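Please look over the sequence and the model below before reading on, and keep both in view while following the paragraphs.

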Amino acid sequence: MAEPAPGIALLACHAGQRQQLAQVLSTFGYRVVSAEDPLSLQPAQLALVQADAWLLELAEESPLTEWLLEHSEVPVLLGAGEIPAIDSEDYPRWQCRLYAKLQPMLGTPVQGQAPSLAATPLPNPAERAPCIWVLGASLGGPAAVKRFLDTLPPNLPVAFVYAQHIDPGFEQQLPQIIGRQNDWQILNCRPGSRLQAGEVLVVPIAQRLGFSRDGVLSLSDEPWPGPYQPSIETVLDMVCQQFGPACGAIIFSGMGEDGVAACGRMRQQGIEVWTQDTQSAACATMPDAVRDAGFSHRQGSPEELAAALQRWLAQEWSAAS
(Lines give C-alpha, C1' and ligand atoms only; values in the text may rest on other atoms or scores of the structure.)
Protein backbone atom coordinates (compact mmCIF):
# COMPACT_ATOMS: atom_id res chain seq x y z
CA MET A 1 0.00 0.00 0.00
CA ALA A 2 1.36 3.42 -0.96
CA GLU A 3 2.16 5.82 1.83
CA PRO A 4 -0.27 8.72 2.20
CA ALA A 5 0.79 12.09 0.83
CA PRO A 6 2.30 14.54 3.31
CA GLY A 7 -0.40 16.28 5.31
CA ILE A 8 -0.57 20.05 5.79
CA ALA A 9 -2.62 21.82 8.46
CA LEU A 10 -3.79 25.22 7.26
CA LEU A 11 -4.58 28.25 9.39
CA ALA A 12 -5.75 31.39 7.56
CA CYS A 13 -7.98 34.16 8.83
CA HIS A 14 -10.16 34.58 5.73
CA ALA A 15 -12.44 31.83 4.46
CA GLY A 16 -11.76 32.62 0.81
CA GLN A 17 -8.02 32.43 1.40
CA ARG A 18 -8.37 29.08 3.17
CA GLN A 19 -10.38 27.72 0.26
CA GLN A 20 -7.89 28.90 -2.36
CA LEU A 21 -4.89 27.61 -0.43
CA ALA A 22 -6.54 24.25 0.23
CA GLN A 23 -7.28 23.86 -3.48
CA VAL A 24 -3.74 24.73 -4.51
CA LEU A 25 -2.20 22.39 -1.93
CA SER A 26 -4.42 19.56 -3.15
CA THR A 27 -3.38 20.29 -6.74
CA PHE A 28 0.27 19.96 -5.65
CA GLY A 29 -0.60 16.51 -4.27
CA TYR A 30 -0.49 17.28 -0.54
CA ARG A 31 -3.27 16.36 1.89
CA VAL A 32 -4.99 19.20 3.70
CA VAL A 33 -5.61 17.62 7.10
CA SER A 34 -7.10 20.70 8.75
CA ALA A 35 -8.40 24.05 7.49
CA GLU A 36 -10.47 25.36 10.37
CA ASP A 37 -11.30 28.97 11.14
CA PRO A 38 -8.53 30.06 13.55
CA LEU A 39 -10.98 32.28 15.42
CA SER A 40 -12.70 29.10 16.63
CA LEU A 41 -9.52 27.47 17.94
CA GLN A 42 -7.57 27.59 21.17
CA PRO A 43 -3.81 26.90 21.20
CA ALA A 44 -4.25 23.64 23.14
CA GLN A 45 -6.43 22.25 20.33
CA LEU A 46 -3.53 22.48 17.88
CA ALA A 47 -1.74 19.66 19.68
CA LEU A 48 -4.49 17.27 18.51
CA VAL A 49 -3.87 17.93 14.82
CA GLN A 50 -1.80 15.24 13.08
CA ALA A 51 0.13 17.01 10.31
CA ASP A 52 3.53 16.94 8.65
CA ALA A 53 3.66 20.75 8.44
CA TRP A 54 1.66 23.86 9.26
CA LEU A 55 0.96 26.68 6.80
CA LEU A 56 -0.09 29.91 8.54
CA GLU A 57 -1.59 33.15 7.28
CA LEU A 58 -1.92 34.76 10.70
CA ALA A 59 -0.58 37.81 12.47
CA GLU A 60 2.76 37.30 14.24
CA GLU A 61 1.19 38.19 17.58
CA SER A 62 -1.56 35.57 17.23
CA PRO A 63 -1.57 33.17 20.22
CA LEU A 64 -1.86 30.29 17.73
CA THR A 65 1.30 31.41 15.91
CA GLU A 66 3.20 31.81 19.16
CA TRP A 67 2.09 28.40 20.41
CA LEU A 68 3.08 26.61 17.21
CA LEU A 69 6.51 28.27 16.99
CA GLU A 70 7.22 27.19 20.55
CA HIS A 71 5.64 23.72 20.65
CA SER A 72 5.21 22.30 17.14
CA GLU A 73 7.28 19.21 16.38
CA VAL A 74 6.78 19.67 12.62
CA PRO A 75 7.81 22.59 10.35
CA VAL A 76 5.79 25.79 10.56
CA LEU A 77 5.66 27.92 7.39
CA LEU A 78 4.64 31.51 8.09
CA GLY A 79 3.00 33.20 5.15
CA ALA A 80 2.12 31.99 1.67
CA GLY A 81 2.08 35.57 0.43
CA GLU A 82 -0.74 37.53 -1.12
CA ILE A 83 -2.56 35.36 -3.66
CA PRO A 84 -2.66 37.05 -7.09
CA ALA A 85 -5.66 36.83 -9.39
CA ILE A 86 -5.80 33.40 -11.05
CA ASP A 87 -5.76 34.90 -14.54
CA SER A 88 -2.75 37.16 -13.83
CA GLU A 89 0.80 36.41 -14.93
CA ASP A 90 1.87 36.58 -11.29
CA TYR A 91 -0.30 33.63 -10.26
CA PRO A 92 1.95 30.83 -11.61
CA ARG A 93 4.95 32.61 -10.08
CA TRP A 94 3.21 32.66 -6.70
CA GLN A 95 2.40 28.95 -7.06
CA CYS A 96 6.05 28.17 -7.82
CA ARG A 97 7.27 30.16 -4.81
CA LEU A 98 4.84 28.35 -2.50
CA TYR A 99 5.76 24.94 -3.90
CA ALA A 100 9.47 25.75 -3.58
CA LYS A 101 8.99 26.40 0.14
CA LEU A 102 6.96 23.23 0.73
CA GLN A 103 8.83 20.70 -1.37
CA PRO A 104 12.19 20.83 0.51
CA MET A 105 10.35 20.27 3.81
CA LEU A 106 7.83 17.61 2.71
CA GLY A 107 9.25 16.03 -0.42
CA THR A 108 7.53 15.58 -3.77
CA PRO A 109 4.07 13.96 -3.57
CA VAL A 110 3.66 10.76 -5.58
CA GLN A 111 0.51 12.16 -7.13
CA GLY A 112 -0.30 15.74 -7.92
CA GLN A 113 1.04 18.40 -10.23
CA ALA A 114 4.02 20.62 -9.57
CA PRO A 115 3.54 24.21 -10.79
CA SER A 116 5.33 25.37 -13.89
CA LEU A 117 6.26 28.68 -15.46
CA ALA A 118 6.22 27.19 -18.94
CA ALA A 119 3.33 29.43 -19.94
CA THR A 120 5.10 32.56 -18.66
CA PRO A 121 8.86 32.12 -19.12
CA LEU A 122 10.98 34.01 -16.62
CA PRO A 123 14.71 34.41 -16.25
CA ASN A 124 15.92 31.62 -13.99
CA PRO A 125 18.56 32.88 -11.56
CA ALA A 126 19.71 29.29 -10.98
CA GLU A 127 20.92 29.13 -14.59
CA ARG A 128 23.78 31.40 -13.59
CA ALA A 129 26.37 30.35 -11.06
CA PRO A 130 25.37 32.26 -7.93
CA CYS A 131 27.63 34.46 -5.88
CA ILE A 132 27.83 33.12 -2.30
CA TRP A 133 27.66 35.57 0.61
CA VAL A 134 28.00 34.72 4.29
CA LEU A 135 25.59 36.37 6.72
CA GLY A 136 27.22 36.26 10.17
CA ALA A 137 25.27 37.24 13.29
CA SER A 138 24.85 36.73 17.01
CA LEU A 139 22.70 38.63 19.52
CA GLY A 140 19.99 40.54 17.62
CA GLY A 141 20.93 38.78 14.40
CA PRO A 142 17.64 37.11 13.37
CA ALA A 143 15.74 40.41 13.38
CA ALA A 144 18.48 42.15 11.40
CA VAL A 145 18.84 39.33 8.85
CA LYS A 146 15.07 39.21 8.41
CA ARG A 147 14.96 42.96 7.69
CA PHE A 148 17.76 42.46 5.14
CA LEU A 149 15.99 39.59 3.34
CA ASP A 150 12.59 41.30 3.46
CA THR A 151 14.12 44.20 1.50
CA LEU A 152 16.09 42.08 -0.99
CA PRO A 153 14.23 40.50 -3.94
CA PRO A 154 14.97 36.77 -4.35
CA ASN A 155 15.41 36.80 -8.15
CA LEU A 156 19.10 37.68 -7.90
CA PRO A 157 22.21 35.61 -8.77
CA VAL A 158 23.15 35.22 -5.11
CA ALA A 159 22.82 32.61 -2.37
CA PHE A 160 23.52 33.05 1.33
CA VAL A 161 25.20 30.92 4.01
CA TYR A 162 23.73 32.12 7.31
CA ALA A 163 25.88 31.52 10.41
CA GLN A 164 23.97 32.51 13.55
CA HIS A 165 24.98 32.08 17.19
CA ILE A 166 21.73 30.84 18.70
CA ASP A 167 20.37 28.43 21.28
CA PRO A 168 20.08 24.93 19.73
CA GLY A 169 16.39 24.85 20.59
CA PHE A 170 15.70 27.59 18.05
CA GLU A 171 17.86 26.29 15.20
CA GLN A 172 15.09 24.44 13.37
CA GLN A 173 12.77 27.43 13.70
CA LEU A 174 15.16 29.91 12.08
CA PRO A 175 13.89 29.28 8.52
CA GLN A 176 10.33 30.06 9.61
CA ILE A 177 11.36 33.08 11.70
CA ILE A 178 13.41 34.86 9.03
CA GLY A 179 11.52 33.53 5.99
CA ARG A 180 8.10 34.99 6.70
CA GLN A 181 7.09 37.96 4.57
CA ASN A 182 9.72 37.28 1.92
CA ASP A 183 10.18 34.77 -0.90
CA TRP A 184 13.67 33.53 -0.09
CA GLN A 185 14.00 29.78 0.38
CA ILE A 186 15.42 29.40 3.90
CA LEU A 187 16.84 25.89 4.30
CA ASN A 188 18.31 23.78 7.05
CA CYS A 189 21.27 21.75 5.82
CA ARG A 190 20.61 18.67 3.68
CA PRO A 191 23.78 16.69 2.79
CA GLY A 192 24.20 16.13 -0.93
CA SER A 193 22.37 19.29 -1.98
CA ARG A 194 23.97 22.16 -3.87
CA LEU A 195 23.35 25.79 -2.95
CA GLN A 196 21.32 27.63 -5.59
CA ALA A 197 20.50 31.28 -6.21
CA GLY A 198 17.54 32.44 -4.17
CA GLU A 199 18.41 30.19 -1.20
CA VAL A 200 19.59 30.90 2.35
CA LEU A 201 21.38 27.98 4.02
CA VAL A 202 21.24 27.95 7.83
CA VAL A 203 24.54 26.68 9.24
CA PRO A 204 23.95 23.94 11.86
CA ILE A 205 25.10 24.24 15.45
CA ALA A 206 25.94 20.65 16.41
CA GLN A 207 27.41 19.57 13.06
CA ARG A 208 30.18 21.05 10.98
CA LEU A 209 29.30 22.26 7.50
CA GLY A 210 31.47 21.69 4.47
CA PHE A 211 31.38 21.96 0.67
CA SER A 212 33.08 19.80 -1.92
CA ARG A 213 35.00 21.33 -4.80
CA ASP A 214 31.89 21.25 -6.96
CA GLY A 215 29.77 22.90 -4.27
CA VAL A 216 27.96 19.84 -2.86
CA LEU A 217 27.04 20.28 0.82
CA SER A 218 28.32 17.89 3.47
CA LEU A 219 27.97 17.58 7.25
CA SER A 220 30.26 15.95 9.79
CA ASP A 221 30.10 15.32 13.53
CA GLU A 222 33.41 17.11 13.98
CA PRO A 223 32.83 19.99 16.44
CA TRP A 224 33.26 23.60 15.43
CA PRO A 225 36.62 24.98 16.60
CA GLY A 226 36.69 27.73 19.20
CA PRO A 227 34.06 28.88 21.70
CA TYR A 228 31.26 29.71 19.26
CA GLN A 229 28.72 27.36 17.74
CA PRO A 230 28.73 27.63 14.79
CA SER A 231 32.09 29.29 14.22
CA ILE A 232 31.58 32.29 11.91
CA GLU A 233 35.37 32.42 11.52
CA THR A 234 35.44 28.88 10.12
CA VAL A 235 32.43 29.44 7.87
CA LEU A 236 34.00 32.57 6.36
CA ASP A 237 37.29 30.79 5.65
CA MET A 238 35.50 27.77 4.16
CA VAL A 239 33.30 29.85 1.83
CA CYS A 240 36.28 31.95 0.78
CA GLN A 241 38.33 28.84 0.02
CA GLN A 242 35.57 27.03 -1.88
CA PHE A 243 33.85 29.89 -3.69
CA GLY A 244 36.30 32.81 -3.75
CA PRO A 245 36.47 35.28 -5.31
CA ALA A 246 32.75 34.82 -6.09
CA CYS A 247 31.74 35.48 -2.49
CA GLY A 248 31.34 38.14 0.17
CA ALA A 249 30.33 38.64 3.80
CA ILE A 250 28.01 40.79 5.87
CA ILE A 251 28.42 40.87 9.64
CA PHE A 252 25.22 41.79 11.45
CA SER A 253 24.32 42.51 15.08
CA GLY A 254 26.12 40.43 17.70
CA MET A 255 28.42 40.15 20.69
CA GLY A 256 32.05 39.09 20.60
CA GLU A 257 34.57 39.17 17.78
CA ASP A 258 33.93 35.88 15.99
CA GLY A 259 34.99 36.25 12.35
CA VAL A 260 37.15 39.37 12.57
CA ALA A 261 40.38 37.66 11.52
CA ALA A 262 38.68 35.83 8.64
CA CYS A 263 37.22 39.13 7.43
CA GLY A 264 40.77 40.42 7.28
CA ARG A 265 41.83 37.47 5.14
CA MET A 266 38.88 38.08 2.81
CA ARG A 267 39.79 41.75 2.57
CA GLN A 268 43.36 40.85 1.59
CA GLN A 269 41.93 38.92 -1.38
CA GLY A 270 39.80 41.86 -2.48
CA ILE A 271 36.55 40.20 -1.37
CA GLU A 272 33.71 42.42 -0.15
CA VAL A 273 33.13 42.60 3.64
CA TRP A 274 30.25 44.75 4.91
CA THR A 275 28.90 45.42 8.40
CA GLN A 276 25.67 46.56 10.01
CA ASP A 277 26.05 50.08 11.42
CA THR A 278 26.08 50.88 15.11
CA GLN A 279 22.81 52.82 15.06
CA SER A 280 20.68 49.99 13.65
CA ALA A 281 22.28 47.02 15.48
CA ALA A 282 20.74 45.64 18.67
CA CYS A 283 24.29 44.77 19.74
CA ALA A 284 27.03 46.42 17.69
CA THR A 285 30.07 44.72 19.29
CA MET A 286 30.69 42.19 16.51
CA PRO A 287 30.18 44.41 13.43
CA ASP A 288 32.05 47.28 15.12
CA ALA A 289 35.01 44.95 15.78
CA VAL A 290 35.27 44.23 12.04
CA ARG A 291 34.92 47.92 11.20
CA ASP A 292 37.42 49.06 13.85
CA ALA A 293 39.96 46.56 12.50
CA GLY A 294 39.67 48.28 9.12
CA PHE A 295 38.08 45.30 7.35
CA SER A 296 34.63 46.70 6.49
CA HIS A 297 34.15 48.11 2.99
CA ARG A 298 30.64 49.41 3.76
CA GLN A 299 28.39 50.04 6.76
CA GLY A 300 24.64 50.52 6.87
CA SER A 301 21.29 49.41 8.18
CA PRO A 302 19.93 46.04 6.98
CA GLU A 303 17.77 47.87 4.43
CA GLU A 304 20.69 49.97 3.19
CA LEU A 305 22.91 46.89 2.89
CA ALA A 306 20.21 45.08 0.90
CA ALA A 307 19.94 47.98 -1.54
CA ALA A 308 23.73 48.16 -1.82
CA LEU A 309 24.01 44.43 -2.53
CA GLN A 310 21.39 44.71 -5.24
CA ARG A 311 23.41 47.48 -6.90
CA TRP A 312 26.67 45.56 -6.45
CA LEU A 313 25.22 42.43 -8.07
CA ALA A 314 23.91 44.46 -11.01
CA GLN A 315 27.13 46.41 -11.55
CA GLU A 316 30.18 44.57 -10.20
CA TRP A 317 29.09 40.92 -10.27
CA SER A 318 27.25 41.10 -13.59
CA ALA A 319 30.22 42.78 -15.22
CA ALA A 320 32.65 40.22 -13.78
CA SER A 321 30.57 37.21 -14.84
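In this predicted model, the count of cavities of 30 Å³ or more comes to one. A general idea helps here: rolling a probe the size of a water molecule over the atoms shows where empty space is left. The volume of the largest cavity is about 40 Å³, and its lining is made by G79, A80, W94, R97, L98, K101 and D183. When these lining residues are sorted by class, three are nonpolar, one is polar and three are charged.

Two of the residues just named, W94 and L98, also take part in a contact between helices, since they are among the residues by which α4 touches α1. How do the two helices lie with respect to each other? The axes of helix α1, which covers residues 15-28, and of α4 come within 11 Å and cross at roughly 65°, and that makes α1 roughly perpendicular to α4. The crossing of these two helices is right-handed. On the side of α1 the contact is made by L21, V24, L25 and F28, while α4 brings Y91, W94, Q95, L98, Y99 and L102. By class, this contact of α1 with α4 has nine nonpolar residues, one polar residue and no charged ones.

Helix α4, residues 90-106, leads on to another empty space, because it is one of the elements that give two or more residues to the lining of the second largest pocket, the others being α6 (174-179) and β7 (185-188). About 370 Å³ of space lies in this second largest pocket. Its lining holds 22 residues, and those that lie nearest the centre of the pocket are M105, P175, Q176, I186 and N188. Sorted by class, the lining of the second largest pocket consists of 11 nonpolar, seven polar and four charged residues.

Between α6 and β7, two of the elements that line this pocket, runs a loop in which Q181 has its place. What is notable about the backbone of Q181 is its phi, which is near 70°, a positive value in a residue other than glycine.

Further along the chain, the loop between β10 (217-220) and α7 is the place of P230, and the peptide bond that leads from Q229 to P230 is cis, with omega near -5°. A cis peptide bond is also found from G244 to P245, here with omega near 5°, and P245 lies in the loop between α7 and β11 (247-251).

Helix α7 itself, residues 232-243, packs against helix α8, residues 260-268, at an angle of about 20°, and the axes of the two helices are 8 Å apart. Why can this pair be called roughly parallel? Angles under 35 degrees count as roughly parallel, and α7 and α8 are therefore roughly parallel to each other. The crossing of α7 and α8 is left-handed. From α7 the residues in contact are E233, L236, D237 and C240, and from α8 they are V260, A261, A262, C263, R265 and M266. These residues of the contact of α7 with α8 divide into seven nonpolar, no polar and three charged.

Terms used:
Residues numbered from 1 in each chain as written. Predicted model: local features only at pLDDT ≥ 70, side-chain atom pairs only at ≥ 80, totals over all residues. Heavy atoms only, no water. Axes fitted to C-alpha atoms, helices over the stretch in contact; angles between N-to-C directions. Helix = DSSP H or I, 4+ residues; strand = E, 2+ residues; numbered from the N terminus. Parallel < 35°, antiparallel > 145°, perpendicular 65-115°, else oblique. Left-handed = near helix turned anticlockwise from the far one by under 90°. Contact = heavy atoms within 4.5 Å. Nonpolar A, V, L, I, M, F, W, Y, C, P; charged D, E, K, R; others polar. 1 Å grid on protein atoms, 1.4 Å probe; cavity = no way out; pocket = protein on both sides within 12 Å on 5 of 7 lines; lining within 4 Å. Points joined across faces, edges and corners; volume = space filled by probe spheres on them.
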